[in-house]
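Me: Please take a close look at one part of this structure, the interior, and tell me how its residues are arranged. I would like one connected account, with cut-offs given for the terms you use.

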Amino acid sequence: MLAGAVIGSAIAEMMKGGTMYQCSKEVRKFHDDKVTLRSKERTNMRERRDANRKRLKKGLADNNDPSPTGQWTQGSYAMRTMIQETGSKYDIDDGVYFSRDSLKGTQGAEKTAIAARNMVRDAIDDGTFTRAPKVKKNCVRVYYSPGYHVDIPVYRTWEEEGLFGEVIERLQLASADWKDSDPLKVTEWFNNAMKELSPPDDNTQFRRIVRLHKKFSNSRESWRDKTPSGFTVSKLCQEEYVPASGDDEKSLHLTMKAIKARLDFDLSVAHPVVSEELAGDNDPKTEFLRQKLVENLKHLEILDDPNCTKKDALAAWAKVFNDEFFEELADKEESSSSKNSAGVAALSVGLLADDAGAEAVQKSGGGRFG
């Protein structure tokens, strides 16, 4: 009877509902398989970036235009927060920098922001593109098929003396007009946040959580023009990230809750480096993100239920990310649970039979020493 009681207790334990967070491995695998940009894609983008740099320098020289002082990759590629997109709709930002003194006309007047972008477009367009490069508001865009493009923001730099005689480095982007900007400091800001916020034994978790939030905000085609930029999502994650060493599911869930609560209070999002806003007080895109967090956090309420099974949790994440990845895992979990239940039932019957037989022997006085 004792053996049957011990194993029966173990069976009962197996039949209990799951714990609150039990899909960390699955969330991490989803990130690795379906979210983060593949190495091959990064390599292709880097090769095209490098080819454009050579093309631009040659074009500037051929047109007797000033040479750049440097070119630096920026944005999500530099921060390594790019995510997989349907239809290879990837872009890489590769800023080109000129000294302000070199960006002057023949009469000594400074080039306007639009003139500087036109100069770069004329230099990069060597006639080999199927679709000609285009001047956009904040960059020159170089198109590739089937949807990939390289954006080339144009900057001017100079130094000036501060109030106390110190040297101040100035940097401006050629937008509608010249405006203050510093994309390299943005990359520095992000890398510092990752070091400071991630758990010491999991020092890249913050970046993974940013990618997962970006994936969520683009998880439906109908959302794509309504949600905030990836940079705005990254800033919200930096403000509200909740670390959980070795448990991306927990960190993701709690960070989603924190961002939703933050947006309930304030929809505006400040730029981390320059004095401007990424989103204003009544921004429709941050409000849209807030609404979608409200809707999808309801799916995740099951995680807080002590009777939540792993299948329940996987099904909840499937709804959140709108991805068959979790649906397939939930189906496998259901199949596995059915087999385990059948095995448990068979084991229970066997144990009852063994106990009944042992009891009959004991009553008859039989047994080895009877």
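Reply: Cys237 counts as buried, at 1% relative accessibility, where buried means under 20% relative accessible area, exposed over 50% and partly exposed in between, with a 1.4 Å probe and protein chains only. Everything here rests on a predicted model, in which local features need pLDDT of at least 70 and side-chain atom pairs count only at pLDDT 80 or more, while totals for chains, interfaces and linings use all residues. Residues are numbered from 1 along each chain as its sequence is written, and side-chain values use heavy atoms, with hydrogens and water left out.

Cys139 is buried as well, with a relative accessible area of 7%. A disulfide here is a pair of cysteine sulfur atoms within 2.5 Å, and a search of the whole structure finds zero of them.

One of the residues that Cys237 meets is His213, which touches Val233, Cys237, Leu252, Thr255, Met256 and Ile259 when residues up to four places away in sequence are not counted; a contact requires heavy atoms within 4.5 Å. His213 lies in helix α7, residues 205-217, where helices (H or I, at least four residues) and strands (E, at least two) are DSSP runs numbered from the N terminus. Like Cys237, His213 is buried, and its relative accessible area is 4%.

His213 also belongs to the lining of the largest cavity, together with Phe216, Val233, Ile259, Leu289 and Leu293. Helices α7 and α10 are the elements that give two or more residues to that lining. A cavity is a set of points on a 1 Å grid, laid over the protein atoms alone, where a 1.4 Å probe fits but cannot get out, and a lining residue has an atom within 4 Å of a point. The whole structure contains one cavity of 30 Å³ or more, and the largest has a volume of about 40 Å³, counted as the space filled by probe spheres set on points joined across faces, edges and corners.

Met256, a partner of His213, leads from the cavity lining towards the core. Leaving aside neighbours within four places in sequence, Met256 is in contact with His213, Phe216, Leu293, Leu297, Leu300, Trp317 and Val320. Met256 is also named, with Trp317, Phe321 and Phe326, among the residues that have the most contacts inside the largest nonpolar core, which has 46 residues. Such a core is a set of buried Ala, Val, Leu, Ile, Met, Phe, Trp, Tyr and Cys residues joined through side-chain atoms within 4.5 Å. The elements that each supply at least two residues to this core include α2 (24-35), α6 (183-197), α8 (230-240), α9 (248-265), α10 (284-299) and α12 (324-364). Its largest share, seven residues, comes from α11. Apart from this core lies another, of 26 residues, among them Leu37, Leu60, Leu103 and Phe129.

Leu314 gives a view of α11 itself, since Leu314 is found in that helix, residues 310-321. Leu314 is buried, with a relative accessible area of 1%. Not counting residues up to four places away in sequence, its contacts are Cys23, Glu26, Phe326, Leu329, Ala330 and Glu333. The contact with Cys23 spans the chain: the two residues are 291 residues apart in sequence, yet their C-alpha atoms are 7.1 Å apart in space.

That long reach can be set beside the figures for the whole chain. Among contacts between residues at least 6 apart in sequence, 63% join residues at least 24 apart. Buried residues make up 42% of the 370 residues in the protein chain, which has twelve helices and ten strands.

As for the strands, β6 (residues 154-161) pairs with β7 (residues 167-174) in the antiparallel sense over seven bridges, pairing being called when DSSP finds at least two bridges between two strands. Within this pair, Glu159 has Glu169 as its bridge partner, and Glu161 stands opposite Val167. The hairpin of β6 and β7 has five residues between the strands, and there Gly165 takes a positive phi near 85°. On β6, four bridges also make a parallel connection to strand β2, residues 91-99, with Ser99 and Thr157 as bridge partners. Strand β7 is joined in turn to β8 (residues 178-180) by three antiparallel bridges, and Leu173 stands opposite Lys179.

Technical notes:
1 Å grid on protein atoms, 1.4 Å probe; cavity = no way out; pocket = protein on both sides within 12 Å on 5 of 7 lines; lining within 4 Å.
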